[in-house]
Each structure stands twice: as C-alpha cells, then as structure tokens.
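User: I am new to this structure. Please take a close look at one part of it, and put that part in its setting first.

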Amino acid sequence: MSRRRHSDENDGGQAHKRRRTSEPIEIEDRLESLICRVGEKSTSSLESNLEGLAGVLEADLPNYKNKILRILCAVARLLPEKLTVYTTLVGLLNARNYNFGGEFVEAMIRQLKETLKNNLYNEAVYLVRFLSDLVNCHVIAAPSMVAMFENFVSVTQEEDVPQVRSDWFVYVVLSCLPWVGKELYEKKDVEMDRLLSQIEGYLKGRVKTHVPMLQVWTAEKPHPQEEYLDCLWAQIQKLKKDRWQERHILRPYIAFDSVLCEALQHNLPPFTPPGHMPDAQYPMPRVVFRMFDYTDAPEGPVMPGSHSVERFVIEENLHCIIKTHWKERKTCAAQLLSYPGKNKIPLNYHIVEVIFGELFQLPIPPHIDVMYTTLLIELCKLQPGSLPQVLAQATEMLYMRLDTMNTTCIDRLINWFSHHLSNFQFRWSWDDWSDCLAVDLDKPKPKFVKEVLEKSMRLSYHQRIVDIVPSTFSALIPAEPLFTYKYVEENAASLPGYPVSITVGNAIKNRASNEEILTILKEVPNPNQEDDDDEGESFNPLKIDVFLQTLLHLAAKSFSHSFSALGKFHEILKTLADSDEGKLHLLKVVYEVWRNHPQMIAVLVDKLIRTQIVDCAAVANWLFSQDMAHEFTRLFIWEILHSTIRKMNKHVQKIQKELEEAKDKLEKQQHKRRDSGDDEDMDKNSEDEEGQLEEQIERLQEKVESAQSEQKNLFLVIFQRFIMLLTEHLVRCETGSVDISTPWYKNCIERLQQIFLMHHVTIQQYMGTLENLLFTAELDHHILAVYQQFCALQL
Amino acid sequence: MSAKLNALTSDSYIDVSQYRDQHFKGNRYDQEKLLKQSNTLYVGNLSFYTTEEQVHELFSKSGDVKRIIIGLDKIKKTACGFCFVEYYTRAGAEHAMRFINGTRLDDRIIRTDWDAGFKEGRQYGRGKSGGQVRDEYRQDYDPARGGYGKLAQQHRPQEARNTF
C-alpha cells in the first residue's frame with residue numbers, strides 16, 4: 001500500500017489527462033470534440049480533415065442540428081484564432097445544405113445581439129469577423145455585409161455618446177478588412193470607399209487625451225507607441241495601397257473554391273446597432289505595444305513592419321491563443337509555438353513581444369502577472385535553443401530603455417525579472433549593466449537593479465545575492481533584513497524608555513496578563529506633557545515605542561512569531577493606538593525597527609489593518625508623511641499602498657454582498673408568506689423573521705454607507721497628499737527656474753496615474769467629489785492633466 | 001446562448017490529485033468535498049532551509065496569503081521540507097496550482113497539491129525518524145534534505161562522512 005504522494009515525475013496538472021479516458025462516450029461530446037479539435041496537428045491534411053468532418057456533420061444534421069449549431073456558434077466566439085478553419089467548415093456545410101447555412105447565420109446574429117447586450121464587446125468582434133469571413137466562403141452575400149458595416153459606421157454620426165462607443169464600431173469594421181477587404185472591394189468598391197472615407201473623417205476628429213496614460217514608454221523612439229485605432233487605420237491604408245493583397249492568413253476555403261462557389265449565398269438581415277445604454281461598458285482604448293522591428297531578428301525570416309496588416313493578424317491571433325489557453329501553460333506554450341505559418345515569421349520574437357505587451361498593458365494586464373512568468377518558462381523549456389536568447393535580448397532592450405518607461409511597467413518588469421531569475425539560479429551577465437553604477441542611485445537604471453536584487457533576496461537569502469553580483473555592484477545590494485532594536489544598542493541605557501523596556505520585555509516572556517503589562521507601561525514618561533497627572537490615556541509616543549519595539553524584537557524570528565505577537569497583544573495595541581496620532585506613531589515604530597526588511601513591514605501593516613489596530617487612512621497618511629519621504633520612490637511603499645486600497649475595496653464589496661443577500665432573503669421570505677396561505681402561526685413566525693431581516697438590512701445599509709464613506713475618504717486623503725507634494729515641487733522648481741522633470745517628479749506623477757489606473761472602477765463612483773474638491777481648474781496644469789487623461793479613458 | 005464547450009474549459013492544473021491523507025478524520029466523500037472547496041495547499045519538496053518568508057514571497061504572487069505553516073520534524077521540531085499555504089480565497093490557491101506548482105523555490109522544483117485544511121498535528125512529519133515519510137526510504141543524496149534517506153544512512157554511516 002503506497003503512502004507516497006503522486007509521482008514526482010508528474011509536472012503539474014496535465015499528466016492527469018493521460019490517466020483519464022480520452023474518448024467521450026456520448027455522441028454530443030464526440031461532436032464537440034471533433035469540431036474543437038479540427039485544425040490541430042494531424043497525419044492528414046487540413047483540407048481532408050475538413051472534408052471528412054463536413055461529411056460527418058452533414059450526416060448528423062437530421063438528429064443533432066441544434067447541437068451542431070450551438071457548437072459552431074460557440075467556436076466562432078471562443079476560438080477566434082481558428083477563424084478560417086471554421087468558416088471553411090460552415091462554407092462546406094452550407095454548400096451541402098442551404099437551409100442549415102441560413103439557420104447558422106440567423107443563430108450567429110442572435111448570438112451577436114446577446115453579446116452586445118451583455119457588454120461582451122471583445123467576443124462580439126470575433127463574431128462579426130466570422131460573419132465577414134463567411135463572405136469568402138460564399139455563405140454570406142458581400143453586399144449585405146457591406147450594409148452591416150455601413151450601419152456600424154453610421155454610429156459615428158450619433159451625438160452625445162461616449163467616444164469609446166463609436167470607437168468600437170469603427171474598430172470592428174476595420175479589423176475585419178484583413179480577412180474580407182479584397183472580396184468586398186471587388187464587389188462594392190464605391191460603397192467601401194465611402195465607408196473608409198467616413199471612418200477617416202471620424203478618426204481625424206477623435207479626442208486622444210488618454211494616450212499618454214496608456215503608453216509604456218514616453219519616448220517615440222525607437223518604436224512609436226501608437227493609439228490602437230490609429231495603428232489599425234495605418235495598416236488598412238497600407239493594405240488598400242497593396243490592393244488588398246494579404247498573404248499571411250491561412251485560408252483553407254481557397255482549396256475548396258470549386259465546391260464553395262457553387263453554393264447559394266444568404267443575405268445578412270439588416271442589423272441595427274443597439275442604442276447606447278448608460279450602463280454599457282465599452283472596451284477601454286489601448287496603445288499598441290511594440291518593442292521589436294525587422295532589425296532585431298538577426299537571421300531567418302523578417303519581421304513584418306509595424307503598419308503591415310500581417311503584424312496585426314499575427315498579434316491578434318497570438319493574443320487569442322493566450323486568451324484561450326492561459327490556464328494551462330503547457331498547452332498555451334505549445335499552441336503559441338505551433339502557430340500556422342510560423343516558418344515565414346520570426347515567431348519567437350512575436351511571441352515575446354505579445355507576452356510583454358500583455359504584461360505591461362495599462363491599466364492592468366488581461367491575466368494575472370505570474371501567469372506570464374510561468375508561460376515564458378514553459379516556452380524556454382520547449383525551445384531551449386532559441387527562446388532564451390530572444391528573452392535575454394528583450395530584457396537587455398527593456399533595461400536600456402528604462403529612462404522613459406512608465407513606472408508601473410517598471411514595477412512589473414522588476415517582479416517578472418526577479419521571479420524569472422530565481423528559476424534559473426539567478427544567472428545573469430550583471431557586468432553588462434555596469435553602466436548603471438556610474439549614475440546617481442535614484443536614476444531609473446540603478447534603481448531598477450537595486451529593486452531586482454531586493455526582490456531576488458526575498459526569494460532566496462542575503463548571502464546568495466552577495467554571491468551572484470560582481471563586487472562592483474555592492475552599493476546596489478540590499479541591506480541584510482535584520483531587526484533594529486533601539487533599546488539594546490550602545491548608550492541605550494540613557495534612553496528614557498530603557499528601564500521600562502527591560503521590565504515589559506520580562507513581563508512578556510513570563511506571560512504576564514494585559515493588565516499587568518498596561519500597569520508597567522504607565523511608568524513610561526510622556527515626552528508630550530510636562531506634568532504626569534494624566535492617567536496615561538492620551539497619546540504617549542514613548543509608550544508605544546517601548547512596548548512595540550520590545551514586543552516585535554521578541555517576535556522577530558519569523559512572520560508567524562510576529563503575527564502571533566500581534567494577536568496575543570491585540571487589546572494593548574488597540575488601546576495604545578486609540579487615536580489617529582497613536583496609529584501613525586505605531587506605524588512609524590514598525591518602520592523604524594524593520595526598515596531593513598521591507599517585506600516584514602508590508603506583512604505587519606497588512607495584519608494591523610486586518611485586525612483593525614490601524615485603519616487604511618492611517619496607513620496612507622503614514623506613507624505620505626515627512627518621515628517616509630526618503631523612501632517615497634521605493635517599490636515596497638507602493639505595494640503597501642495598493643494593497644491597502646485593495647483591502648478597503650474588498651471590505652466594501654463584502655458588506656455590499658451581505659446586504660444584497662439579506663435583501664434577497666427578505667424578498668424570498670415575503671414571497672413565501674404571500675404563497676403560504678392563511679396559517680396564522682406561520683404568518684406570525686414569518687412576520688417576525690421579516691422584521692428581523694428588515695432590521696438586519698437597515699444595519700447592513702448603515703454599514704455599507706459607513707464603509708463607502710471610509711473608502712471615499714481614503715482616496716481623498718491619497719489624492720490630497722499627492723497634490724500637496726506635487727504642487728510643492730512644481731512651485732519650488734518654478735521659483736528656482738529649475739527643470740521640473742527630476743527622477744522624483746517622474747516617479748511621483750506616474751504613481752498618481754497608477755492610483756487612477758489600478759483602481760479606476762472604484763474611483764469612477766467618486767468622480768463628482770474629486771472634481772469639486774480636488775481636481776479643480778485652479779490646480780497646476782501638470783497635475784490636472786493626469787485627471788483629464790483619466791476621464792478621457794471612458795469618454 | 002453562453003454555450004460552454006467542455007473541450008475548451010479544461011483547467012487540468014487545478015484538478016485534485018490521487019493523493020489522499022490517510023490520517024484524515026472522515027470518509028472519502030467528505031475529504032473530496034473539502035479538497036474541492038479548499039483554500040489550502042500542501043507544498044512539498046522544499047529545502048530544509050527554505051524560510052516562511054521565502055514561501056510567503058513566492059506564493060503571494062498568486063493571491064493574498066492568509067497563513068503559512070512550516071512542516072516540522074516531529075522530534076527535532078526543525079523544518080523538514082514541506083509546508084501548508086492557506087489563501088484568503090479559493091482563486092488565490094487555484095492560481096498557485098496553475099502557475100507556481102512545478103516551478104522553483106530555492107532552486108528546487110516544488111509541488112503543490114490541494115489540502116483538506118490544516119489541523120493541529122498535521123504540521124509534523126510522519127516518518128519513523130521524525131521527518132517526512134519520503135525521507136525515510138529515498139536512496140539519493142540530497143544535501144538540502146539532510147543528505148541520504150534515513151534508512152540509507154543506517155546502511156552507510158562511514159560513507160556519509162567521507163562523501164563531500
């Protein structure tokens with residue numbers, strides 16, 4: 001009987017697949033499997049697989065028509081990277097069964113309406129693209145597709161709608177043209193010209209305030225960071241100039257042309273775009289991420305230019321593959337590396353560019369950051385002879401351009417690089433980066449290296465970091481993460497708190513009660529007061545200092561020890577930190593003792609908030625205080641601040657959820673009573689329950705309001721502090737006629753942007769207050785610009 | 001409309017493994033249920049020298065960590081190469097199964113697996129010598145896990161001293 005855990009040879013989840021039976025029993029599952037798997041690696045050609053599948057499905061239509069319709073509609077929506085494989089399949093089915101083709105088109109239109117109603121705009125794009133490629137398969141008549149496009153573009157004539165709405169309709173039309181532009185121009189060139197001209201007019205008039213906030217680099221060289229619609233327009237213009245000759249897209253339907261052109265086509269029903277609804281959530285604008293061009297791949301196929309439509313299609317498909325397979329890293333890596341047509345493009349470069357594009361995407365990446373680290377590791381495993389080199393080249397390029405990289409993106413680069421290195425024994429050619437030693441430590445390059453080493457130390461240990469970098473880098477090595485105890489250094493005996501620190505330390509070690517300890521602490525003199533007739537109730541910073549330093553010193557061994565200490569002495573800490581000043585001082589002491597171990601500071605602050613010893617606003621005030629000014633540009637400060645904001649947000653959401661659940665319960669209860677009849681006893685019980693629920697709802701309502709008020713206050717505090725700091729800097733520079741663009745300023749203004757970007761959903765609720773109280777016209781235009789860029793994201 | 005295709009919703013990295021804790025108090029059904037709802041992961045193949053801080057740093061990348069319990073040798077009360085990581089949310093634990101399982105910590109490929117939930121006593125190794133069972137019987141030399149397996153150490157006390 002083996003008590004061993006499952007075999008160590010297993011490499012994570014996908015080994016389990018081998019143990020399960022792979023043939024689904026039911027026919028419906030089989031149909032799903034057949035359809036989903038067509039187009040994957042096979043001993044037969046794609047054409048013969050499609051032919052075979054079309055035959056099988058045609059035979060199954062009498063019994064399984066609805067199921068087949070459902071599956072095909074789903075793959076259109078969920079597997080956009082295999083678009084042309086499935087449009088070909090539908091084309092073949094339509095050629096064999098005209099009615100089925102018609103029903104499929106109707107089902108797709110229904111599905112399109114649903115996705116738009118449910119704010120699933122990205123999926124809607126894939127559906128429209130599918131429909132447009134069906135023109136190439138002789139399923140849909142070109143003029144009716146043009147008519148749909150005309151209806152979409154007419155949205156640009158609407159007034160008083162958010163720009164992101166008309167943006168989306170224009171984007172859909174343009175993004176279909178790589179697939180169907182040629183065919184539509186052949187059939188309806190006059191109408192298409194008119195369409196494009198309308199689009200051009202619209203694009204010229206668009207507001208683009210949002211762009212600087214979304215760019216990864218502020219520099220235009222070597223690669224401009226273009227707004228996504230501008231880039232796509234340039235790509236379509238070029239395609240048009242090339243007479244719509246597009247050679248990258250895999251088009252299986254060409255091989256079936258003789259069969260397909262015999263088929264009868266369907267007309268799309270007239271499609272009116274749904275009107276604008278106030279709760280609609282259109283996709284946010286984006287900036288196209290580019291880090292490579294044709295000069296970067298030293299040998300092999302050339303990278304398509306930034307305005308080539310091939311670039312657009314490749315990037316789209318790679319993004320889609322990640323979207324489909326992100327949860328399964330081995331499959332994802334394999335799918336990326338088996339991209340059709342890979343021999344004609346420098347695929348590794350495209351993959352690395354797309355992955356970094358997602359990782360650095362502003363406001364937030366499409367998927368959790370750690371996924372990209374692990375995906376890149378999988379890719380390195382599958383292509384050990386080529387991908388690591390591309391990745392190293394990319395890292396080098398990113399390092400060289402740190403000076404103009406957005407601070408948020410630098411954060412993500414730090415986290416990625418340190419985590420990546422920890423999987424490869426921290427091997428790196430650090431000497432290649434010795435240029436960073438020649439400049440001030442607050443400049444982006446040395447700062448980056450310093451933060452990477454700090455994060456690397458957290459994943460290993462101090463000596464390891466000393467060992468892996470050249471000795472010339474010693475200024476960038478993090479401090480050893482040791483406790484700094486005031487009451488044990490030389491001359492500690494002369495400190496006012498020293499005697500009590502000894503007594504209270506012993507008391508803690510001897511498991512004294514809270515009362516006993518509080519009594520001991522009464523002996524601590526209060527530097528804020530002349531006389532000691534006060535019972536020790538008001539804020540005494542020295543008392544906090546003595547107790548907390550001693551306690552944390554005794555518990556310094558590990559996180560668990562420290563958490564246990566905070567838990568055991570929760571009452572005392574709450575008493576000591578009863579006022580705002582108390583909370584602030586408590587945080588100050590935590591910093592003082594653990595200033596060489598930022599990781600410990602972060603976890604302690606987290607616990608202090610969760611156990612309600614300090615509140616979120618206190619943490620914000622502490623981080624922005626003068627005492628912390630010298631640490632203001634360090635990564636750990638912002639990690640603490642964002643973690644604090646997230647806790648606040650989660651807290652509000654939790655109570656709101658409780659309120660909703662209570663309301664639902666009440667509604668159910670009321671229905672039950674109405675339906676239950678005349679039972680008096682039941683009635684009375686019901687009434688009581690309802691009364692209780694109503695009381696609970698009232699209480700929760702108050703709780704929600706109070707939590708929201710706290711949340712709003714937190715953002716006000718943060719924004720106020722930013723405004724104060726930035727204004728001070730700007731005024732000082734202006735009076736001294738000094739350039740405002742110091743590294744500190746760049747960091748600070750981008751941190752302000754980061755608050756907006758990372759928490760935009762929550763902040764939207766408080767826009768009115770922010771505009772009235774803080775972001776008024778009197779503000780310096782540098783600061784106001786950030787606010788205006790943020791507003792432009794949803795206009 | 002929202003048809004979900006079974007063939008496309010594969011999420012095999014978060015599947016429950018074949019391992020079942022033999023000391024679990026309750027029946028198989030209870031254990032399965034707890035595993036499917038759990039926010040706690042077992043983490044194995046750690047170096048004896050890996051600290052709670054290192055575990056916290058790595059596992060925080062997939063979600064907020066509620067607590068970490070380092071596995072201890074039952075006799076020596078020192079780290080013996082495993083731990084439990086409990087998240088505030090199931091999502092955090094799932095992301096760890098997808099993206100941290102099978103990657104390196106302290107240069108070692110670590111394994112994560114669903115755990116039914118920490119109970120006092122489960123932080124101790126169950127091997128006869130006080131550490132984990134796997135360290136009783138293994139034949140290889142692993143400097144980060146006390147050298148040779150305990151059984152193998154008994155058979156070669158001289159060799160262990162002369163080697164390296």
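Analyst: Chain A of this predicted model has 33 helices and 0 strands; helices (H or I, at least four residues) and strands (E, at least two) are DSSP runs, numbered from the N terminus. Residues are numbered from 1 along each chain as its sequence is written, while chains are lettered from A and ligands numbered from 1 in the order in which they are written. Because the model is predicted, local features need pLDDT of at least 70 and side-chain atom pairs count only at pLDDT 80 or more, whereas totals for chains, interfaces and linings use all residues; side-chain values use heavy atoms, without hydrogens and water.

The C-alpha trace of chain A spans about 100 × 85 × 75 Å along its principal axes. Of its 795 residues, 54% count as buried, meaning under 20% relative accessible area (exposed is over 50%, partly exposed in between; 1.4 Å probe, protein chains only). Among its contacts (heavy atoms within 4.5 Å) with a separation of 6 or more, 76% are between residues 24 or more positions apart. An unreviewed UniProt entry lists "domain: MIF4G" at residues 28-240 of chain A; UniProt positions are given in the numbering used here, feature names are shortened, and annotations may be inferred rather than shown by experiment. That span is 77% helix and 0% strand, with its end C-alpha atoms 44 Å apart.

Two details fall inside these residue limits. His138(A), in the loop between α6 (121-136) and α7 (142-153) of chain A, has a positive phi near 60° and is buried at 17% relative accessible area. A cis peptide bond with omega of about -10° joins Lys221(A) and Pro222(A), and Pro222(A) lies in the loop between α9 (211-214) and α10 (228-241). Most residues other than glycine have a negative phi, and most peptide bonds are trans.

The part for the close look is in chain B. This chain has 6 helices and 8 strands, and along the sequence they follow the pattern α-β-α-β-β-α-β-β-β-α-β-β-α-α. Its C-alpha trace spans about 70 × 35 × 30 Å along the principal axes, and 54% of its 164 residues are buried. UniProt, again in an unreviewed entry, places "domain: RRM" at residues 39-117 of chain B. The end C-alpha atoms of that span lie 8 Å apart, and the span is 23% helix and 39% strand.

Strand β3 (residues 79-87) of chain B is a good place to start. Because 8 of its 9 residues are buried, β3(B) is largely enclosed by the rest of the structure. Two strands pair if DSSP finds at least two bridges between them. Strand β1 (residues 40-44) runs antiparallel to β3(B), joined by 4 bridges, and Tyr42(B) stands opposite Phe84(B). Strand β2 (residues 65-72) is also antiparallel to β3(B), over 6 bridges, and here Ile70(B) stands opposite Cys83(B). The hairpin of β2(B) and β3(B) has 6 residues between the strands, and in it Lys77(B) takes a positive phi near 60°.

β1(B) has a further antiparallel partner in β6(B), joined by 5 bridges. Tyr42(B) stands opposite Asp113(B) there. β6(B) is mostly covered, with 5 of its 5 residues buried. Ahead of β6(B) in the sequence, Asp107(B) lies in the loop between β4 (104-105) and β5 (108-109); its phi is near 65°, and it is partly exposed at 26% relative accessible area.

β6(B) also leads to a cavity. On a 1 Å grid over the protein atoms alone, a cavity is a set of points where a 1.4 Å probe fits but cannot get out, and lining residues have an atom within 4 Å of a point. Grid points are joined across faces, edges and corners, and a volume is the space filled by probe spheres set on the points. The count comes to 4 cavities of 30 Å³ or more, and the second largest has a volume of about 70 Å³. It is lined by 10 residues; Asp21(B), Gln31(B), Leu35(B), Trp114(B) and Ala116(B) lie nearest its centre. Both α1 (28-37) and β6 (111-115) of chain B supply at least two residues of this lining. The lining divides into 4 nonpolar, 1 polar and 5 charged residues, where Ala, Val, Leu, Ile, Met, Phe, Trp, Tyr, Cys and Pro count as nonpolar, Asp, Glu, Lys and Arg as charged, and the others, Gly among them, as polar.

Definitions and conventions
On a 1 Å grid over the protein atoms alone, a cavity is a set of points where a 1.4 Å probe fits but cannot get out, and a pocket is an open set with protein on both sides within 12 Å along at least five of seven lines; lining residues have an atom within 4 Å of a point.
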